[in-house]
Structure formats: C-alpha cells, structure tokens
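This report describes how one protein chain is packed, working from its helices to its domains and cores. The sequence and structure come first.

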Amino acid sequence: MALVIGLTGGIASGKTTVANMFRDQFGIEIVDADVIARRVVEKGSTGLDAIHQHFGDEILTVEGELNRAELRKRIFANQDEKTWINQLLHPMIRQQMEQDLQRVTSPYALLVVPLLTENNLQHMADRVLVVDVDEKTQIERTMSRDKVPMEQAKSILAAQASREQRLAIADDVIKNDAKNQKLLPQITELHKKYLAISRKNL
Ligand code: ATP
C-alpha cells in the first residue's frame with residue numbers, strides 16, 4: 001500500500017485548498033473522510049438501510065434519501081442514539097477509507113480527515129500533516145465562506161480540538177495564516193520529503 005499522509009486541521013484551516021494543490025501540482029490521490037461519510041449513507045447503501053430500520057420512515061426524504069435534518073434532531077438530545085449511529089457508521093467509514101487507500105496508485109496518498117485528532121485516527125496514517133492557522137484567521141475564513149455570524153464560528157471552533165492538541169500529533173505542519181499563506185513552496189518541500197520516504201519504504 002502507498003505511504004499514507006493523514007491531513008487534518010480545524011474548520012476553514014485550508015485542508016481542501018492544500019489537498020487540491022497536492023493533487024493538481026503533483027497528481028497525488030486524495031481519500032476524503034467527509035466524501036466517504038456521505039457515500040456510506042447514500043440511497044441503496046447498507047448504511048442507509050440500517051438507519052431506516054432503526055429510526056423508521058421519517059428518517060428518509062420523499063426521494064428515499066437520508067433526511068439529515070431529521071437525523072440531527074433525533075441524535076441532538078439523545079446520547080444513546082448518537083452512540084448507536086456512531087457505532088454503525090464509524091467502522092463502515094474506516095473500512096471504506098482502507099479500501100480506497102489500497103487502490104491508490106500515486107507514490108503516496110493524502111487521507112483527509114477533519115476530525116483526525118478528535119477521533120484518534122492517527123494510526124490510520126504513516127505521518128500526520130496539520131494545516132495550522134491562528135484562530136482569528138480561522139474565524140474570519142469561516143464567517144466569509146459559510147456566511148455565519150462570529151458567535152457561531154467561535155462556537156464551532158470551541159467544539160473542535162485545540163490548535164495545541166492538533167500540533168501535538170503533527171509530524172509535519174503547513175502554515176496557512178493570513179500573514180503566512182504562501183502554500184506552494186511549503187507543499188513542494190513536503191512533496192519532495194514524502195517522495196523520498198515512499199522510495200525508502202519500497
Ligand atoms: P472545512 O474543513 O471547514 O470545510 P478546510 O479546512 O477544507 O475547511 P478550505 O475550504 O480549504 O478549508 O478553506 C477555507 C476557506 O479559506 C476557503 O474559502 C478558502 O478559499 C480560504 N483559504 C484557504 N487557504 C487560503 C489562503 N492561503 N489564502 C486565502 N484564502 C484561503
């Protein structure tokens with residue numbers, strides 16, 4: 001299997017921007033946990049069937065897709081239901097990530113996992129790359145991208161791992177602050193490093 005670089009960072013830190021640059025500049029393949037999390041509950045999946053059986057018809061939209069607003073409502077105030085859904089979906093997501101990583105043909109893969117620190121998923125990667133920004137930049141980017149007020153951006157940040165917690169598990173760091181947002185030179189250096197490591201691992 002290709003060398004796996006786990007890419008993480010807080011909300012609006014720049015994970016997607018960074019991953020797309022590795023892909024567009026160097027042809028590195030991306031396995032994205034958020035994309036997989038949607039795939040395991042798409043129409044016709046075993047994940048959605050299990051959710052339907054558990055919660056009943058109200059959990060589906062008229063088109064037969066997952067009614068996310070209804071699911072959020074059901075698990076918001078009910079820890080047991082939240083645990084149930086996590087126990088159903090987390091192993092499915094992990095298994096699908098592993099399968100997708102097996103198929104990677106680039107010299108290394110980027111495994112993009114926004115909640116890598118929170119869910120202790122470092123073991124899925126050979127190295128952890130953290131996109132690091134100061135909180136002020138994160139709040140500004142969240143507000144402008146998602147059109148949310150400052151209070152909401154702050155509360156999302158507060159619910160995630162702290163900058164220090166993320167940096168504590170980092171092998172490599174990309175700085176993406178407003179003052180330090182030259183990404184390409186940092187990405188080029190890391191690409192060279194990852195190629196060298198992947199050659200050694202052959
Ligand atoms: P999330 O996990 O919250 O979806 P993310 O970590 O993938 O976010 P991006 O979507 O890549 O982050 O970036 C967040 C916002 O910040 C986007 O609007 C993006 O265009 C902007 N952004 C990211 N990096 C830079 C940069 N270096 N300079 C200017 N804007 C940037």
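## Helix H9 and its two sides

On one side of H9, Lys192, Arg199 and Lys200 are exposed. The model discussed here is a predicted one. Helix H9 takes in residues 183-200, 18 residues in total. From its first C-alpha to its last, H9 reaches 26 Å, close to the 26 Å expected at 1.5 Å a residue.

Which residues of H9 are buried? They are Leu183, Gln186, Ile187, Leu190, His191, Tyr194, Leu195, Ile197 and Ser198. These residues are on the same side of H9 because they cover an arc of only 170° around the axis. The elements they pack against are strand S1 (3-8), helix H1 (15-26), S3, S4 and strand S5 (172-175). The exposed residues Lys192, Arg199 and Lys200 are on the other side of the helix.

Leu183 lies in helix H9. With a relative accessibility of 8%, Leu183 counts as buried, because the cut-off for that class is under 20%. Leaving aside neighbours within four places in sequence, Leu183 is in contact with Thr17, Val18, Met21, Ile174, Lys175 and Asn176. Leu183 and Val112 are 71 residues apart in sequence, and their C-alpha atoms are 17 Å apart in space.

## Helix H4

The buried residues in H4 are Glu70, Leu71 and Ile75. Seen down the axis of H4, they fall within an arc of 120°, so they line one face of the helix. H3 and H5 are among the elements that cover these buried residues. On the other side of H4, Arg72, Lys73 and Phe76 are exposed.

## Two domains and their interface

The chain is divided into domain 1 (1-28 + 108-197) and domain 2 (40-105). Their C-alpha centres lie 25 Å apart. The contact between them involves nine residues of domain 1 and six residues of domain 2.

The size of an interface is often given as the accessible area lost when the parts come together. For domain 1 and domain 2, the area buried between them is about 710 Å², with 83% of it on carbon and sulfur atoms. Met1, Leu111 and Met124 supply 56% of the area that domain 1 buries against domain 2, more than any other three residues.

## Nonpolar cores

The largest nonpolar core has 30 residues, and the members that touch the most others are Ile51, Leu89, Met97 and Leu111. At least two residues of this core come from each of helix H2 (33-39), helix H3 (46-55), helix H4 (68-76), helix H5 (79-102), strand S3 (108-112) and strand S4 (127-132). H5 supplies the largest share, six residues. Domain 1 and domain 2 each provide at least three residues of this core.

Apart from this core lies another, of 19 residues, including Ile5, Ala19, Leu110 and Ile174.

What does Met97 contact, leaving aside its neighbours within four places in sequence? Its partners are Val31, Ala33, Ile36, Leu111, Val113 and Met124. Two of these partners, Leu111 and Met124, also appear among the residues named above for the area that domain 1 buries against domain 2.

## Loop residues

Three loop residues are set out below by place and relative accessibility.

| Residue | Loop | Relative accessibility |
|---|---|---|
| Ala12 | between S1 and H1 | 12%, buried |
| Gly56 | between H3 and H4 | 24%, partly exposed |
| Asn120 | between S3 and S4 | 52%, exposed |

Ala12 has a positive phi of about 55° although it is not a glycine. Asn120 likewise has a positive phi of about 55° and is not a glycine. Ala12 or Asn120: which of them is buried, and which is exposed? Ala12 counts as buried because its relative accessibility of 12% is under 20%. Asn120 counts as exposed because its value of 52% is over 50%.

Gly56 is partly exposed, because its relative accessible area of 24% falls in between those cut-offs. Gly56 and Leu89 are 33 residues apart in sequence and 17 Å apart in space, C-alpha to C-alpha. Leu89 is one of the residues that touch the most other members of the largest nonpolar core.

Definitions and conventions. Residues numbered from 1 in each chain as written. Predicted model: local features only at pLDDT ≥ 70, side-chain atom pairs only at ≥ 80, totals over all residues. Heavy atoms only, no water. Core = buried A, V, L, I, M, F, W, Y, C linked by side-chain atoms within 4.5 Å. Buried < 20%, exposed > 50% of the residue type's maximum accessible area, 1.4 Å probe, protein only. Helix = DSSP H or I, 4+ residues; strand = E, 2+ residues; numbered from the N terminus. Domains from an automatic or database assignment. Contact = heavy atoms within 4.5 Å. Expected span 1.5 Å × (residues − 1). Arc of directions from axis to C-beta. Buried area = accessible area lost by both parts, 1.4 Å probe.
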